[in-house]
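Biologist: I am new to this structure and should be grateful for a close look at a single part of it. Which residue would you start from, and how does its setting connect with the rest of the chain?

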Amino acid sequence: MANLPTLLVADDEPDMLRFLKSQLSSNYRVVEAVDGQQAIEKASQYLPDIILLDMMMPEKDGLQACREIRERTPTQSIPIILLTARADEENQAGIALGRRQ
């Protein structure tokens, strides 16, 4: 497990967090965060190879966390994937442009 890449997963839904961890833990060392603020802190602490952020979380949402992670030198180049349950075209366009809907 020490040789696996590190994945930071941030989601405020315990069931989704458990599901993602169960699906990804064979290929990644999974670090969990339950909100955007915790994701920012753990990104700085663990310097993961990739980050998976839920768009809608308490404290700071996925876009806010993404912005703050990108503003910090040690974490600015970590790839980030944003997850959302919102699938309409208007929200997809806003996400692509970095805007919340």
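**One residue and its surroundings**

Modeller: D35 is buried, with a relative accessible area of 14%; buried means under 20% relative accessible area, exposed over 50% and partly exposed in between, for a 1.4 Å probe and protein chains only. This is a predicted model, in which local features need pLDDT of at least 70 and side-chain atom pairs count only at pLDDT 80 or more, while totals for chains, interfaces and linings use all residues. Residues are numbered from 1 along each chain as its sequence is written, and side-chain values use heavy atoms, with hydrogens and water left out.

D35 sits in the loop between β2 and α2. Helices (H or I, at least four residues) and strands (E, at least two) are DSSP runs, numbered from the N terminus. The chain has four helices and four strands, arranged along the sequence as β-α-β-α-β-α-β-α. A polar atom of the D35 side chain lies 3.1 Å from the backbone nitrogen of Q37. Such a polar contact is a pair of N or O atoms within 3.5 Å; within protein, one must be able to donate a hydrogen and the other to accept it, and residues adjacent in sequence count only if both atoms are side-chain atoms.

Leaving out residues up to four places away in sequence, D35 touches A10, M57, P58, E59 and K60, a contact being heavy atoms within 4.5 Å. D35 is also 8.9 Å from A65, C-alpha to C-alpha, although the two are 30 residues apart in sequence. In the chain as a whole, residues 24 or more positions apart make up 54% of the contacts with a separation of 6 or more.

Among the contacts of D35 is E59, which belongs to the loop between β3 and α3. E59 is not a glycine, yet its phi is positive, about 65°. Most residues other than glycine have a negative phi. E59 counts as exposed, at 65% relative accessibility. D61 is found in the loop between β3 and α3 as well, but D61 counts as buried, at 6% relative accessibility. The D61 side chain reaches the backbone nitrogen of L63 at 3.0 Å.

A10, another residue touched by D35, leads to the nonpolar interior. A nonpolar core is a set of buried Ala, Val, Leu, Ile, Met, Phe, Trp, Tyr and Cys residues joined through side-chain atoms within 4.5 Å. The largest one holds 15 residues, of which L8, A10, A39, I51, L53, I69 and I80 touch the most other members. At least two residues of this core come from each of β1 (6–10), β2 (29–33), α2 (36–46), β3 (50–54) and α3 (62–71). A39 is in contact with L8, A10, A33, L53 and I69, leaving aside its neighbours within four places in sequence. A separate core of seven residues includes L7, L17, V30 and L52. In soluble globular proteins, nonpolar side chains tend to be buried together. Of the 101 residues in this chain, 35% count as buried.

I69, one of the residues that A39 contacts, leads on to T75. T75 lies in the loop between α3 and β4 (80–83) and is buried, at 0% relative accessibility. The T75 side chain reaches the backbone oxygen of I69 at 2.7 Å. Not counting residues up to four places away in sequence, T75 touches A43, S44, L47, I69 and R70. L47, in turn, is in the loop between α2 and β3. L47 is partly exposed, with a relative accessible area of 45%, and has a positive phi near 45° without being a glycine.

V30, one member of the separate core, is touched by K21, as is E32, not counting residues up to four places away in sequence. K21 is found in helix α1 (residues 14–24) and counts as partly exposed, at 33% relative accessibility. K21 and L7 are 9.5 Å apart in space, C-alpha to C-alpha, and 14 residues apart in sequence.

To return to the starting point, D35 is a buried residue whose side chain pairs with the backbone nitrogen of Q37 and whose contacts include A10 and E59.
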